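Got your viewer open? Load the model and follow along, stop by stop.

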Amino acid sequence: MFLRQFKYLVAVVEEKHFGRAAKRCNVTQPSLSSGIKQFELEIGVPIFLRGRGQRFHGLTPDGERIAKWARLILSHCEAMRDEIKERQDDLHGSLRMGAMPSMSPVLPVLLEKVRERYPNVRIDVHFMGNEAMKLGLDNFNLDCALTYIDQADLGRRNVIPIYSEKLSLLVPDTAEFEGRTQITWKEAAELPLAMLRSSMHERRFVDSIFEQVGCDVVPKVESESILHLMFQVQCTELSTIIPAHFKRMPGLHAGTKALDLVEPVMSQEVGLFWAEGEIIMPMASALVSIVKKLNKSGELRRLLGDDEKSQGSRKSKTTVQAQTPCAINAARVPVSNGDTEEQQRVARHLRLGDHDIL
């Protein structure tokens, strides 16, 4: 039994085609099929359902279990190599991260620290919902995931809290809202709103708050992109609900302003998840250690405006069970002469020119 046979197996399962799997493994299709056949003979059970041609017809029940073990074995082999390199202070490879799109403005700060500490690590960020994150962690296609803790459904994972996401109402910067810094949920319900789709976690969370204050809201515009909703506010009379940290990271569009939503003030805790187990994979370990340092210093919470003293007593690690998606995008961050040196640095760091993340 050879490591390449596990690679052949996983390639066929992921490509769902023997020819493409062979090309991915840089071998001929007969060599790949022969390696898998030898693997089946050694293990004593058929792995694949058989049919004509190079088409993938599925896995046998035993094959499903074997494929899961194959992924685990390959993942641990890769982790072994990474750990040896890390011991030599020379971590290489790819940090594969899943995240909710609403967290995209926060990621540059986290991932810059990784790049500074491990310049040879390549970072691969996938924006997705919780189901895809759970599958990615289960299949070892992701090293870690960034999502909401309270309604998490990622299975048994380790998690470390990072920040609390509060909500604001983005409104046109007009005389109607001049001098205001807050607005109640009941007042917001009376305004014409643009909102995320009802299938998204963030929308369901907002709907539950409106229901809590006795309001039934019917939006004028719905979209899966918060960036589009922000443009609706910039160009029309509509308002929308955004994470409060958007005021700082990435910053607001011209002609708009953000009002804190109160009565009630609601928030959701965001955390970093990684696979449960005695061994923490080197890539996940690298990010976890950086998050712990940021938590200890309070740097990230200060940048997000979430620096309340009450946040400092959280546990750094626990095991829980995790939530859904949204499409949020970064906007350009203006640098104002009135900003502090630290705010200007963050603004420059997050400015994306004329191309926003979609």
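**Stop 1: a helix-to-strand pair**

Start by selecting Glu222, which counts as partly exposed at 37% relative accessibility; partly exposed is the range between buried (under 20% relative accessible area) and exposed (over 50%), with a 1.4 Å probe and protein chains only. Before moving on, note that this is a predicted model, where local features need pLDDT of at least 70 and side-chain atom pairs count only at pLDDT 80 or more, while totals for chains, interfaces and linings use all residues. Numbering runs from 1 along each chain as its sequence is written, and side-chain values use heavy atoms, with hydrogens and water left out.

Now add Arg203, which makes a salt bridge with Glu222, the closest N and O atoms being 2.7 Å apart. The term salt bridge here stands for a side-chain nitrogen of Lys or Arg within 4 Å of a carboxyl oxygen of Asp or Glu. Arg203 sits in helix 8 (residues 201-212) and Glu222 in strand 7 (residues 221-223), so this pair ties together parts that are 19 residues apart in sequence. Helices (H or I, at least four residues) and strands (E, at least two) are DSSP runs, numbered from the N terminus. Buried or exposed, what is Arg203? Arg203 is buried, at a relative accessible area of 7%.

**Stop 2: just past strand 7**

Select Ser225, in the loop between strand 7 and helix 9 (226-235). Ser225 is buried, with 15% relative accessible area. Show its side chain: Ser225 caps the N-terminal end of helix 9, with a side-chain oxygen 3.3 Å from the backbone nitrogen of Leu227. A polar atom of the Ser225 side chain also lies 3.1 Å from the backbone nitrogen of His228. Both belong to the polar contacts, meaning a pair of N or O atoms within 3.5 Å; within protein, one must be able to donate a hydrogen and the other to accept it, and residues adjacent in sequence count only if both atoms are side-chain atoms.

Carry on into helix 9 and colour its buried residues: Ile226, Leu227, Leu229, Met230, Gln232 and Val233. What covers them? Strand 4 (157-172), strand 6 (194-196), strand 7, strand 8 (240-243) and strand 9 (256-262) are included in that cover.

**Stop 3: two helices crossing**

Next, pick helix 5 (residues 107-117) and helix 10 (residues 282-297), whose axes come within 10 Å and cross at roughly 120°. The axes are lines fitted to C-alpha atoms, for helices over the stretch in contact, and angles run from 0 to 180 degrees between N-to-C directions. Which residues make the contact? Show Leu110, Lys113, Val114 and Arg117 on helix 5, and Leu287, Ile290, Val291 and Leu294 on helix 10; contact here means heavy atoms within 4.5 Å.

From helix 5, step on to Asn120, in the loop between helix 5 and strand 2 (121-127). Asn120 is partly exposed, at 41% relative accessibility. Put a distance label between the C-alpha atoms of Asn120 and His92: they are 28 residues apart along the chain and separated by 5.2 Å.

**Stop 4: back to the salt bridges**

The count for the model comes to 12 salt bridges. For one of them, select Arg24 and Glu14, with closest N and O atoms 2.7 Å apart. This pair links distant parts of the chain, with Arg24 in helix 2 (residues 18-24) and Glu14 in helix 1 (residues 3-15), 10 residues apart. Widen the selection to Glu14, Glu15, Arg20, Arg24 and Arg71, which are linked in a network of salt bridges. Arg24 is partly exposed at 39% relative accessibility, and Glu14 is partly exposed at 32%.

Then jump to Asp138 and Lys134, a salt bridge with closest N and O atoms 3.2 Å apart. Why is this pair about one helical turn apart? Because Asp138 and Lys134 are 4 residues apart in helix 6 (residues 130-138).

**Stop 5: backbone oddities**

Turn on the backbone and find Glu263 and Pro264, joined by a cis peptide bond with omega of about 5°. Pro264 is in the loop between strand 9 and strand 10 (267-275).

Finish with Asn26, in the loop between helix 2 and helix 3 (29-43). Asn26 is not a glycine, yet its phi is positive, at about 60°. Asn26 is exposed, with a relative accessible area of 71%. Phe140, in the loop between helix 6 and strand 3 (144-148), also has a positive phi, near 60°.
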